[in-house]
Amino acid sequence: MNNLKEKLLALRASVPSETVDVPGVGQVEVRGLTAAGRDEWESRLFNGRAKNLRNVRASMVALCVYDNGARVFDPTDVEAMGEMPASVIDRLYDVAMRLSGIGTSDSEKLEGN
């Protein structure tokens, strides 16, 4: 394998993470999205030609919260997560977006604003 390819593929181990304190829960690990994770999130937003903004924050959080190296939530949990307090989801969502390198302008483009 050539040196450039090795360096680029080595980035797989460098997905950023951060521990977030969630009142009533404790420490929660939030990781940034991988390229595949971002594609999964964006494809959920654009179900066919229509934009699906229902539980957009919960769907991002579901892809980014980990415990002991494993993702905590799966896609079937997103609806239930939408019933969690907005303050909790927003706290985790903001960190997930930052760690994923998705800024305000990126999310506004995705949401069509």
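E29 is partly exposed, because its relative accessible area of 22% falls in the band between the cut-offs (buried is under 20%, exposed over 50%, partly exposed in between, with a 1.4 Å probe and protein chains only). Its partner is R31: the two form a salt bridge, with the closest N and O atoms 2.9 Å apart. A salt bridge here is a side-chain nitrogen of Lys or Arg within 4 Å of a carboxyl oxygen of Asp or Glu. R31 counts as partly exposed too, at 24% relative accessibility.

A word on the model itself: it is predicted, local features need pLDDT of at least 70, side-chain atom pairs count only at pLDDT 80 or more, and totals for chains, interfaces and linings use all residues. Residues are numbered from 1 along each chain as its sequence is written, and side-chain values use heavy atoms, with hydrogens and water left out.

The structure holds five salt bridges, and these are among them:

| Pair | Closest N to O distance |
|---|---|
| E29 and R31 | 2.9 Å |
| E18 and R98 | 2.9 Å |
| R54 and E79 | 2.8 Å |

Take R54 and E79, which link distant parts of the chain: R54 sits in the loop between β4 (50-51) and α3 (56-64), and E79 is in helix α4 (residues 78-81), 25 residues apart. Helices (H or I, at least four residues) and strands (E, at least two) are DSSP runs, numbered from the N terminus. R54 is exposed at 53% relative accessible area, while E79 is partly exposed at 39%.

Now the sheet. Four strands form an open sheet in the order β1-β2-β5-β6, with antiparallel pairing; strands pair if DSSP finds at least two bridges between them. β1 (17-22) and β6 (70-71) stand at the edges with a single partner strand each, so one side of each has no neighbour in the sheet. Six bridges join β1 to β2 (residues 26-31), and E18 stands opposite V30 in β2. Helix α5 packs on the sheet, touching β1, β2 and β5 (65-67), and its direction makes about 170° with that of β1. Contact means heavy atoms within 4.5 Å, and angles run from 0 to 180 degrees between N-to-C directions, with axes fitted to C-alpha atoms, for helices over the stretch in contact.

What does the E18 and R98 pair tie together? E18 and R98 meet in a salt bridge. E18 lies in strand β1 and R98 in helix α5, so the pair ties together parts that are 80 residues apart in sequence. E18 is partly exposed at 29% relative accessibility, as is R98 with a relative accessible area of 49%.
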